[in-house]
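Visitor: I am new to this structure. Please take me to one part of it, look closely, and then show me what lies around that part.

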Amino acid sequence: MVIMTTTSSLTFQPVLERIAEEMARTPGRGRPADYIPALAARDARSFGMAVAELDGTVYGVGDWQEPFSTQSITKVFTLALDLAREGDELWEHVGREPSGNPFNSLVQLEYENGIPRNPFINAGALVVTDRLQTRTGDAAGELRDFLRAESGNAALDFDLEVAASESAHGDRNAALAHFMASYGNIDNPVPALLDQYFRQCSVTASCADLALATGFLARHGVRADGSRLLSRSQAKQVNAIMLTCGTYDAAGEFAYRVGLPGKSGVGGGIIAVVPGRCTLCVWSPGLDERGNSVTGVAALDRFTTLTGLSVF
């Protein structure tokens, strides 16, 4: 059943409330990420969802104002911030194709000469962070300032405990960075890059914060204050890469079920974009074997089914 199909009359709050009721019938699906203690302690039954319209109006349900660890969701914003600065030169250093391998895989880097397959696997995100670091001197700080401005939440910040925990378990990311450095695809010292990357991934934000912060992608590159971050073409590029690469090696299944550009993180959050209409963020910490929120994907699936809003 489609609740409403016309964008002019669509009311999001009843849709969200219905989704929350449906998700509550199957709570606790999946398991929180267990390799970061702060994430492992989260209750898999938690659920929040928010929708932000282009004018900044936000609708929410459940734990939609509860801060959580954004993790890989931040890769979307660092990609946009760097792409805005260097344009197409970025694509000489990172690809735009789905990986088909786990997000922290070393396998492809060797036979692709140190060029990561896309910006959302860990190797690709390290390259993007490295290039943003070169251009700003503080990639993580640039990210935090952007998220604060777009969300309107001046208290949004890093969780240094999470960053330290990731650093303590960061051998694979260090290996990826050193390997790419050996091919000349990393500019900054690896320890400094890893510090920036782990702080970036430790940002804590709510569904409301992230739905608002993602709004520039629904507005075709225009920020909340009306200034332009990306060209319309660049915003299309970011959305396209989110659709094809945003949920690790489950991107095909996500596109099939949800039909929207999206980006997940192992903290249990997923952002999604309806270009020209709205942005969403859903959070539930229980993950599937590929690192995506089980309930989050199900909730977004129901959203596009109930509203008829998708890119297809």
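Guide: G276 counts as partly exposed, because its relative accessibility is 38%, and partly exposed begins at 20% and ends at 50%. This is a predicted model, and every value here is computed from it. G276 sits in a loop, with β7 on one side and β8 (278-283) on the other. Leaving out residues up to four places away in sequence, G276 touches L54, A218 and H220. T204 is a useful distance marker. In sequence, G276 and T204 are 72 residues apart. In space, their C-alpha atoms are 27 Å apart.

Follow the contact from G276 to H220. H220 belongs to another loop, between α11 (215-218) and α12. H220 is also partly exposed, because its relative accessibility is 23%. What is the phi of H220? It is positive, about 60 degrees, although H220 is not a glycine. Most residues other than glycine have a negative phi.

The H220 loop leads on to α12. This helix spans residues 232-245 and packs with α3, residues 74-86. The angle between the two helices is about 150 degrees, and their axes are 11 Å apart. Roughly antiparallel starts over 145 degrees, so α3 and α12 are roughly antiparallel to each other. Their crossing is right-handed. Which residues meet there? From α3 come V76, L79 and L83. From α12 come Q234, Q237, V238 and M242. Five residues of this contact are nonpolar, two are polar and none is charged.

Now stay with α3 and turn to another partner, α5. Helix α5 covers residues 122-136, and its axis comes within 9 Å of the α3 axis. The two cross at roughly 45 degrees. α3 and α5 are therefore oblique to each other. α3 passes α5 in a left-handed crossing. On the α3 side, the contact is made by K75, T78, L79, L81, D82, R85 and E86. On the α5 side, N122, A125, V128, R131, L132, R135 and T136 take part. This contact divides into five nonpolar, three polar and six charged residues. L79 was named in the contact with α12, and L79 is named again in the contact with α5.

Pause at T136, a residue of α5. T136 is partly exposed, because its relative accessible area is 26%. T136 touches R85 and E142, not counting residues up to four places away in sequence. T136 and G56 are 80 residues apart in sequence. Their C-alpha atoms are 28 Å apart in space.

Go back along the chain to the loop between β3 (68-69) and α3, where Q71 lies. Is Q71 buried or exposed? Buried, because its relative accessible area is 3%. Q71 has a positive phi too, near 55 degrees, in a residue other than glycine.

Q71 brings us to some annotated positions. An unreviewed UniProt entry carries the annotation "binding site". That annotation covers S72, N122, E166, N173, Y197, Y248 and V266. Take E166 and V266 from this list.

E166 is part of helix α7, residues 160-168. E166 is buried, because its relative accessible area is 10%. Its contacts, with residues up to four places away in sequence left out, are I36, Q71, F198, C201 and S202.

V266 lies in a loop, between β6 (262-264) and β7 (269-274). V266 counts as buried, because its relative accessibility is 6%. With residues up to four places away in sequence set aside, V266 touches A33, Y35, L39, Q71, Y248, L287 and G291. Q71 is thus a contact of E166 and a contact of V266. Y248, which V266 touches, is itself on the annotated list.

One last stop is T295, in helix α14 (residues 294-307). T295 is buried, because its relative accessible area is 4%. T295 touches M23, R29, F47 and S284, again not counting residues up to four places away in sequence.

Methods. Residues are numbered from 1 along each chain as its sequence is written. This is a predicted model: local features need pLDDT of at least 70, side-chain atom pairs count only at pLDDT 80 or more; totals for chains, interfaces and linings use all residues. Side-chain values use heavy atoms; hydrogens and water are left out. Axes are lines fitted to C-alpha atoms, for helices over the stretch in contact, and angles run from 0 to 180 degrees between N-to-C directions. Helices (H or I, at least four residues) and strands (E, at least two) are DSSP runs, numbered from the N terminus. Angles under 35 degrees count as roughly parallel, over 145 as roughly antiparallel, 65 to 115 as roughly perpendicular and the rest as oblique. A crossing is left-handed if the near helix is turned anticlockwise from the far one by less than a right angle, and right-handed if clockwise. Contact means heavy atoms within 4.5 Å. Ala, Val, Leu, Ile, Met, Phe, Trp, Tyr, Cys and Pro count as nonpolar, Asp, Glu, Lys and Arg as charged, and the others, Gly among them, as polar. UniProt positions are given in the numbering used here, feature names are shortened, and annotations may be inferred rather than shown by experiment. Buried means under 20% relative accessible area, exposed over 50%, partly exposed in between (1.4 Å probe, protein chains only).
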